[in-house]
Amino acid sequence: MHLGAAILLFCSFSPRAVVLGKTMEVYQTTEKSSDRLAHKPSVDFTPKKASGVHSIKVDSTKLYQKIEGFGGAITDSTAQVFASLNSSLQSQVIEALWGPTGQQYNLMRLTIGATDFSTSLYNYAETKGDYKMKDFSMAHDEKYIIPMIKRAQNSNPEMEFLATPWSPPAWLKSNGKMRNSKSPGLNQDSKSQKAYALYLSEYLSAMAAENITISRLTVQNEPHVKGQFAATYPCCGFTAEQERDFLRDYLGPKMRADHPDVEIYIHDDQKDIMVDFVSTVMSDNKTAQYVDGVAFHWYGANLKNYQYLEQLHKMFPSLPLLATEATLEAPTTQHIGSTPWKEAMKYAIDIIGDLNAWTSGWIEWNVLLDSSGGPTCIGPSATSVCTPLVGHCDAPILANANDQTIELRDSYWHMAHFSRFISRGSVRIGVDVADKFADSVKATAVVTKGEVDGDEKVTIVVLNTDGSNTQEYQVELGGEFATLKIPPHSIQTLVVS
């Protein structure tokens, strides 16, 4: 079943108040202490409302979208760094990201060919003019990428995969290079477009042969990227009209014929340009039949762009919204005008904002990089040179291959407050933070039904963005109240069964 037809399932949840227990379990991560997902003393609910205390009102009778989960991307760079670690550290990384005592990630983004986070330029159809893809080969991925994916999959068999292309093979592009792009980026003749649709289909088939079943495909990573200057990386520019036509005439029919269970997500780009882009694609009824959801990145008016999600949901309420990329500045630059904690806190701000604006899942960019935030392969368009230290970013886990050590970054712990507690199938519920209090405190909430006993639990994530002041607040749920304090620059996950 395609998610577009699922109308944002509310499933078996009924709009009723959750029967409350006597206590709320509290898990906390704080900048200025050693608390990292620390299990704090539980808090009792009482029927009496405290006076003069800011409130977070949670309404379990208001049901919104179903949550699909959380995850990150395995890129060529990620796999290369992983391969450089000894077996013990590799096992630690797998458990930390996908294992039952770690993040429990159940969504993974895969890259179709080279990206900026690769160690070389590569694709799977290097033979120029191979329109039938007779020489299609996944040899590049077989060395490091596929083995890492399989280890992650073995750690969490509930994993679902989304795949995204950055660039077609150079000979299918109008500039003749994988790096950079003209507009349009893809050759516009029917032979080339049919070949590219086949190329993407062959990738899905090859991964399926490895028992890696891709359930979602985006048409193009950041289709707005074209005309890069100096430092360039693989990309392919599509206007909304060009993506619409390619999907309608080539990719959509090919996917439905070869991979009918694969859902196609459009856009996969910045939030602040998504409304016009998606509207253009969806304006064509024939194209719209192939659209199962909308992917987006956190860039574009970052942390102040949730109105675009609300607007898009109002226009197309049956289309799931999926956050597919977010990343932070390179570790070495996070002390310039900011701090590592403030940077990591952006994860929590964005996840809360996205979930509260109809997003069904949240996927970060590279899950593992080296200690500098690389490697990357960015350079002049006409060459395959990888310029050192250009385009580096942070990741939840950084590794030093020379010292054989790994570091769990602050963003790792912020993400844990969501991914470890909000399981697939949870449903967002109503949450209201008092007006002035909302300037520094953010919150979201979900209800989850137990798989065995059917009991429901409410999970609330609360973030204090104030770096100086402890905030006292009370959670109001089902006519009862629980009073808590959250330290400066802290995040809490509250669980009520």
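Student: Is Asp258 buried, exposed or partly exposed, and what is its relative accessible area?
Tutor: This is a predicted model, and each description here should be read with that in mind. Buried would need a relative accessible area under 20% and exposed one over 50%, with partly exposed in between. Asp258 therefore counts as partly exposed, because its relative accessible area is 34%.

Student: Which side chain meets that of Asp258 in a salt bridge?
Tutor: Side chains of opposite charge can pair when their charged atoms come close. The bridge of Asp258 has an N to O distance of 3.0 Å, and its partner counts as partly exposed because its relative accessibility is 26%. The two residues are four apart in helix H6 (residues 240-258), so they are separated by about one helical turn. The partner that meets Asp258 in this salt bridge is Lys254.

Student: How is Arg248 classed, and how is Asp249 classed, buried or partly exposed?
Tutor: The side chains of Arg248 and Asp249 meet in a salt bridge, at 2.8 Å from N to O. With the cut-off for buried at under 20%, Arg248 is placed by its 17% relative accessibility, whereas Asp249 has a relative accessible area of 36%. Arg248 therefore counts as buried, and Asp249 is partly exposed.

Student: How many residues apart are Arg109 and Asp268?
Tutor: The structure holds 20 salt bridges, and one of them joins the side chains of Arg109 and Asp268 at 3.2 Å, N to O. This pair links distant parts of the chain, with Arg109 in strand S5 (residues 107-112) and Asp268 in strand S8 (residues 263-270). Arg109 is buried, and so is Asp268. Along the chain, the separation of the pair is 159 residues.

Student: Which residues are linked with Lys66 in a network of salt bridges?
Tutor: Besides the pairs already described, there is a network of salt bridges that takes in Lys66. The other residues linked in this network are Glu68, Glu160, Arg216, Glu263 and Arg424.

Student: Which residues gather in a patch of positive charge on the surface?
Tutor: One residue of the patch, Lys194, lies in helix H5 (residues 190-209). Lys194 counts as exposed because its relative accessibility is 55%, and exposed means over 50%. The residues that gather in this patch of positive charge are Lys132, Lys134, Lys191 and Lys194.

Student: What arc do the buried residues of helix H4 cover around the axis?
Tutor: In helix H4 (residues 145-155), the buried residues are Ile145, Ile146, Met148, Ile149, Ala152 and Gln153. They lie on the same side of H4, because the arc they cover around the axis is only 160°.

Student: How many of the eight residues of helix H1 are buried?
Tutor: The buried residues of H1 are Asp76, Ser77, Thr78, Ala79, Val81 and Phe82. Helix H1 (residues 76-83) is largely enclosed by the rest of the structure, because the number of its eight residues that are buried is six.

Student: What phi does Asn180 have, and what phi does Trp358 have?
Tutor: Most residues other than glycine have a negative phi. Asn180 lies in the loop between S6 and H5 and counts as buried because its relative accessibility is 11%, while Trp358 lies in the loop between helix H10 (340-355) and strand S11 (359-366) and is buried because its relative accessible area is 15%. Neither is a glycine, yet each has a positive phi: about 65° for Asn180 and about 85° for Trp358.

Student: Is the peptide bond from Ser183 to Pro184 cis or trans?
Tutor: Most peptide bonds are trans. Pro184 has its place in the loop between strand S6 (160-165) and H5. The bond from Ser183 to Pro184 has omega near 0°, and it is cis.

Student: What is omega for the bond that joins Gly374 and Pro375?
Tutor: Pro375 lies in the loop between strand S12 (368-370) and strand S13 (397-400). The bond that joins Gly374 and Pro375 is a cis peptide bond, with omega about 5°.

Student: What distance separates the C-alpha atoms of Thr287 and Pro253?
Tutor: Thr287 has its place in helix H8 (residues 285-288), and it counts as buried because its relative accessibility is 0%. Thr287 and Pro253 are 34 residues apart along the chain, and their C-alpha atoms are separated by 9.8 Å.

Conventions:
Residues numbered from 1 in each chain as written. Predicted model: local features only at pLDDT ≥ 70, side-chain atom pairs only at ≥ 80, totals over all residues. Heavy atoms only, no water. Patch = residues over 30% accessible without salt bridge, like charges linked within 9 Å, V, L, I, M, F, W, Y side chains within 5 Å. Areas by Shrake-Rupley, 256 points an atom, 1.4 Å probe, with all protein chains shown as cover. Salt bridge = Lys/Arg side-chain N within 4 Å of Asp/Glu carboxyl O. Lys, Arg positive; Asp, Glu negative; His and termini not counted. Charge placed at Lys NZ, Arg CZ, Asp CG, Glu CD. Buried < 20%, exposed > 50% of the residue type's maximum accessible area, 1.4 Å probe, protein only. Arc of directions from axis to C-beta.
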